[in-house]
Every structure is written in structure tokens, then in C-alpha cells.
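Here is a short briefing on one protein chain. Keep the sequence and the 3D view open as you read.

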Amino acid sequence: MSAGKMVGIVLIVGGVLGLIYHSFSYTKESHDAKIGPLELSVKNKETVDVPTWAGVAAIVAGAALLLVGNRKN
């Protein structure tokens with residue numbers, strides 16, 4: 001399988017996941033303090049919204065890569 005086909009499949013899967021879930025979140029550690037034996041840390045939960053147009057664009061781009069890859073063979 002060529003690299004173009006693999007990228008196309010990844011784009012399609014990512015686009016479909018973006019359309020299904022609409023957002024994803026991750027935890028980011030922002031502050032860390034050590035005062036003697038006491039350790040403090042602050043973790044922030046960040047959420048990233050995935051626009052619908054981005055999911056559709058990823059699916060279209062992935063499909064185009066798969067179709068162009070098939071025409072070369």
C-alpha cells in the first residue's frame with residue numbers, strides 16, 4: 001500500500017470521527033510547585049471543537065487521494 005493511500009485512509013477515518021464526536025479534550029499540566037515535602041500541580045482540561053466543514057473536507061481530501069492513487073496504477 002502506497003503512502004498516498006495510507007494518508008487518504010487516515011484522512012477519511014479522521015473526518016468521520018470528527019463528524020461523529022464534534023470535539024475532543026485533553027488534560028494539560030500547567031503549574032507545578034514543590035514546597036519542601038509538599039508537591040502541588042494544576043491540571044487543566046482543554047476541549048478542542050472540530051468544525052463540521054473540517055470533517056467533510058478531510059473525507060473529501062482522503063477520497064480524492066484514494067481515487068488519484070487508483071488511477072496511477
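Where does His22 lie? His22 sits in the loop between helix H1 and strand S1. Keep in mind that this is a predicted model. The chain has two helices and two strands, and their order along the sequence is α-β-β-α.

**Overall shape**

- The radius of gyration of the protein chain is 20 Å, well over the 11 Å that the globule rule gives for 73 residues, so the chain is more spread out than a compact globule.
- The C-alpha trace spans about 65 × 25 × 10 Å along its principal axes.
- Buried residues make up 10% of the 73 residues.
- The accessible surface of the chain comes to about 5800 Å². Carbon and sulfur atoms hold 64% of that surface.
- Take the contacts in the chain with a separation of 6 or more. Residues 24 or more positions apart account for 56% of them.

**Helix H1 and its surface patch**

- Helix H1 covers residues 3–21.
- Val13 is one of the residues in helix H1.
- Is Val13 buried, exposed or partly exposed? Val13 counts as partly exposed because its relative accessible area is 44%, and the partly exposed range runs between 20% and 50%.
- Val13 also belongs to a nonpolar patch on the surface. The other members are Met1, Met6, Ile9, Val16, Leu17, Ile20 and Tyr21.
- Together, the residues of this patch have about 810 Å² of accessible area.

**The loop residue His22**

- His22 has a positive phi of about 65°, although His22 is not a glycine.
- His22 is partly exposed, because its relative accessibility is 41%.
- His22 is also one of the contacts of Val48, a count that leaves aside neighbours within four places in sequence.

**The two strands**

- Strand S1 covers residues 23–35, and strand S2 covers residues 38–49.
- How do S1 and S2 pair? They pair in the antiparallel sense, over twelve bridges.
- S1 and S2 form a hairpin, with two residues between them.
- Gly36 lies in the turn of this hairpin and has a positive phi of about 65°.
- Two of the bridge partners can be found by name. Ser23 has Asp49 as its bridge partner in S2. Phe24 has Val48 as its bridge partner in S2.
- In a regular strand, side chains alternate between the two faces of the sheet.

**Thr27 and Glu29 in strand S1**

- Thr27 is found in strand S1, and so is Glu29.
- Thr27 counts as exposed because its relative accessibility is 57%, and exposed means over 50%.
- Glu29 has a relative accessibility of 47% and therefore counts as partly exposed.
- Which residues does Thr27 contact, leaving aside its neighbours within four places in sequence? Its contacts are Lys43, Asn44 and Lys45.
- Glu29 touches Ser41, Val42 and Lys43, not counting residues up to four places away in sequence.
- Glu29 and Asn44 are 15 residues apart in sequence, and their C-alpha atoms are 6.2 Å apart in space.
- Thr27 and Val48 are 21 residues apart along the chain, and 11 Å separates their C-alpha atoms.

**Val48 in strand S2**

- Val48 lies in strand S2.
- Val48 has a relative accessible area of 31%, so Val48 is partly exposed.
- With neighbours within four places in sequence left aside, Val48 is in contact with His22, Ser23, Phe24 and Tyr26.
- Val48 and Asp32 are 16 residues apart in sequence, and 24 Å apart in space, C-alpha to C-alpha.

**Helix H2**

- Helix H2 covers residues 52–72, and Thr52 lies in this helix.
- Thr52 is partly exposed, because its relative accessible area is 45%.
- How many residues apart along the chain are Thr52 and Leu67? They are 15 residues apart, and their C-alpha atoms are separated by 23 Å.

Terms used: Residues numbered from 1 in each chain as written. Predicted model: local features only at pLDDT ≥ 70, side-chain atom pairs only at ≥ 80, totals over all residues. Heavy atoms only, no water. Patch = residues over 30% accessible without salt bridge, like charges linked within 9 Å, V, L, I, M, F, W, Y side chains within 5 Å. Areas by Shrake-Rupley, 256 points an atom, 1.4 Å probe, with all protein chains shown as cover. Salt bridge = Lys/Arg side-chain N within 4 Å of Asp/Glu carboxyl O. Helix = DSSP H or I, 4+ residues; strand = E, 2+ residues; numbered from the N terminus. Buried < 20%, exposed > 50% of the residue type's maximum accessible area, 1.4 Å probe, protein only. Rg over C-alpha atoms; globule rule 2.2 N^0.38 Å. Contact = heavy atoms within 4.5 Å. Pairing = 2+ DSSP bridges.
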